[in-house]
Amino acid sequence: MVAFGKKLKERSIQEWQGYYINYKLMKKKVNQYSRQLQGGNLERRQVLKDFSRMLDNQIEKVALFMLEQQGLLASRLQRLRESHDALQEEPELSHVANLKEGYRAVGQDLLKLLFFVEMNAIGVRKILKKFDKRFGYRFTNYYVKTRANHPYSELQQVYKHVGLGAVVGAVSRNLHELQNNQGSYLSIYDQPVLPLQDPVVDSIRAAVDRLTHSTNFLNFMAQHAFIMQQDLPSPQDEEEAVDEEDRRYHFMSLLLNLVNTFLYMVNTYIIVPTADDYSMSLGAAATVCGVVIGAMAVAQLFSSVYFSAWSNKSYFKPLIFSSIVLFIGNLLYALAFDFNSIAVLLIGRLFCGLGSARAVNRRYISDCVPLKIRMQASAGFVSASALGMACGPALAGLLQTRFKIYKLTFNQNTLPGWVMAIAWLLYLVWLAISFREPVLEPEESHSTSKDSNNSAVQDGNLESGIKQPLLITSEEIEEQVEDEDDSEEASEESRAPVNSIGAAYRLLTPSVKVQLLIYFMLKYAMEILLSESSVITTYYFGWSTSSVAIFLACLGLTVLPVNIVIGSYISNMFEDRQILLVSEIMVCVGILFSFNILVPYTVPQYVCSGLIMFVSAEVLEGVNLSLLSRVMSSRLSRGTYNGGLLSTEAGTIARVIADVTITVAGYFGRDMLLNVTLLPSLVTCVVSIVATCFTYNSLY
């Protein structure tokens, strides 16, 4: 992996070389500070003051040069404007062509300036991260907050590229007017969705989109998918990558992956309202529904691993296998009623879990979707999951009928299996007809190309400032003194994908373990709430299957509105770590409010507490994965045991334990089920809050 200093030197625009931040100098200063502190020759306060001043000076140099270049571009645009106005009186085709070329030339120089901004933004981000890791400070957050929010901030120029938007708008609008010179009086503001047929403007638009990492909402939603984003490539790399991306990307294949995600989530939750009735109809206790629901998660523990490994070689074959196995699993689930066998029911659910291809869905988006739309695709993955979660119980509520065809019984218990079996059969046909296997890179070149981009793994998900995750502890500092991208000659082992569980475990730092604990906690609490909802509401309130289905569907429908509010507004007002801690506390409040103590248990208490718990857990999931993506080693972005698989396994293990807890708690009687199952949720939540607060105490 090439060090950033070397990368900056190689990719910098030669005539502007003296105006880039001096990354090499700042890196030397950080190393010098470290030696002086260890020798007791320097105080930490002095280090902070000196480093802040040096970084301020470097950012000022960049910001002033940006302003100078913007002024030059503005002057050129002003001269072009005068020529454009004169053209209105005496239009000539030759003058129109000259004006177009003039605006395109400004656009090309604007692209260079955008790339200059991005390289400096990455440099600032990396040197701050290096400083935090070396000294154990939470300095990045302090520096960005104090500089970015100040009315005279020069950091705004680098991270919000203030002023460049006006230049982008001038080039786009005038080229659009010249393109539609034949009597059209509509501008880009009148027709915002009208595409401009000019490659320069398209390139500028793509560069700005990538520079800002799309919108806050898409960025927040994409964190739920845990699909890592990359830094901006250089203009040369971008041109080389376009053909490769076009060669691998296929819209219908992406759509099929999202449909697979949606159907799988429907398949997971469609049985929740009726699982207790189905268990009792086969002679088992109602609380056996925990095992029935959890069987799918148990199998998913194994399927996630082999699907992740399989996706290294193919995407089409694992999706075909997934569809076939899910078809068989749902068929067995439906036939269990006529066989009068709880064993067939459980085997059917195990087959459904063995068909979980979410690892393939994530991997396809990460590897085969162009960077410019990867954020949208990631948000689509999350939206498909949320919609499936809501549609599953809602669909179960509609399947309230009973009839027989020959010896096959169709009722509210078996119809979810029959409906999903037909859905997977239709999907299998569509998949076989429409999916296009992307061209896989040769193994050697693939790993090389991946390595060249992995310095961005912990730098992604950044817009208006730098939001860093929970700080590493002092023990980690001893192990992680240098960044992975600091090594000029990194060994093959350090660049290799993580293909063993041992290697993955060794890369889990204490910060990562805290984030995974939080993820485990929220998945456990959500599974307890959802899986036992039918048993609890029937026992306490006498709810019908339709009522349970409506309740669960309403919970699922809160996912997207909540994420819109958090992603578009709350995340701009508060730090991720603050939202994380508040969300954990609210989950704890929801759990406490759910206990049945002394007073009679009421519907408002159950519904309100469940809503608080579920919504808070959804908010917590997005913020937690956002932070997790930035504390994980860049090596965990690829290979079989990647970060996405580890987070999936943590969540799946939580679901398995939660479902087993429901069945075991059933032996205490249904009157004790609620409190017995909520107690582990409460303990786990309190432990995660303590772990988070303990990490806060280590912050600067």
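A residue counts as buried here when its relative accessible area is under 20%, as exposed when that is over 50%, and as partly exposed in between. Keep that in mind as you click through this predicted model.

**The whole chain**

Start with everything selected. There are 700 residues, and 56% of them count as buried. The secondary structure comes to 30 helices and 2 strands. Of the contacts with a separation of 6 or more, 84% are between residues 24 or more positions apart. If you switch on the surface, you are looking at about 29,300 Å² of accessible area, with 61% of that belonging to carbon and sulfur atoms.

**Colour by confidence**

Now colour by pLDDT. The average is 77, and 71% of the residues score at least 70. Which element has the highest mean, and which the lowest? Select residues 415-434 for the top one, helix α18, at 96. Then select residues 474-479 for helix α20, at the bottom with 35.

Two stretches deserve a cautious look. Over residues 182-196, pLDDT stays under 50, and the model has 18 contacts there beyond four places in sequence. Residues 443-494 also stay under 50, with 141 such contacts. Where pLDDT is low, the predicted coordinates should not be read in detail.

**Salt bridges, beginning with Asp50**

Time to show side chains. The count of salt bridges comes to 7. Select Asp50 and Lys29: they form one of them, with the closest N and O atoms 3.8 Å apart. Asp50 sits in helix α3 (residues 44-89) and Lys29 in helix α2 (residues 23-38), so this pair ties together parts that are 21 residues apart in sequence. Asp50 is partly exposed, at a relative accessible area of 25%. Add Arg53 to the selection and you have a network of salt bridges linking Lys29, Asp50 and Arg53.

**A pair within one helix**

Next, go to helix α4 (residues 93-135) and pick Arg104 and Glu101, which both lie in it, 3 residues apart, or about one turn of the helix. An α-helix has 3.6 residues a turn, so residues three or four places apart point the same way. Arg104 and Glu101 form a salt bridge, and their closest N and O atoms are 2.8 Å apart. Are they buried, exposed or something in between? Arg104 is partly exposed, with a relative accessible area of 21%, and Glu101 is partly exposed as well, at 48%.

**A buried pair**

Now jump to Lys523 and Glu621, where a salt bridge has its closest N and O atoms 3.5 Å apart. Lys523 lies in helix α23 (residues 510-531) and Glu621 in helix α28 (residues 603-631), so the pair ties together parts that are 98 residues apart in sequence. Here the opening cut-off comes in: Glu621 has 6% relative accessibility and counts as buried. Lys523, at 18%, counts as buried too.

**Last stop: helix α14**

Finish by selecting residues 316-339. This is helix α14, with 24 residues, and it reaches 34 Å from its first C-alpha to its last, close to the 34 Å expected at 1.5 Å a residue. Where is the kink in α14 centred? Click on Tyr333: the kink is centred there, at about 25 degrees. Then step just past the end of α14 to Asn340, whose phi is positive, near 50 degrees.

Notes:
Residues numbered from 1 in each chain as written. Predicted model: local features only at pLDDT ≥ 70, side-chain atom pairs only at ≥ 80, totals over all residues. Heavy atoms only, no water. Helix = DSSP H or I, 4+ residues; strand = E, 2+ residues; numbered from the N terminus. Expected span 1.5 Å × (residues − 1). Bend = angle between axes of the 7 residues up to and from the residue. pLDDT = per-residue confidence, 0-100. Contact = heavy atoms within 4.5 Å. Buried < 20%, exposed > 50% of the residue type's maximum accessible area, 1.4 Å probe, protein only. Areas by Shrake-Rupley, 256 points an atom, 1.4 Å probe, with all protein chains shown as cover. Salt bridge = Lys/Arg side-chain N within 4 Å of Asp/Glu carboxyl O.
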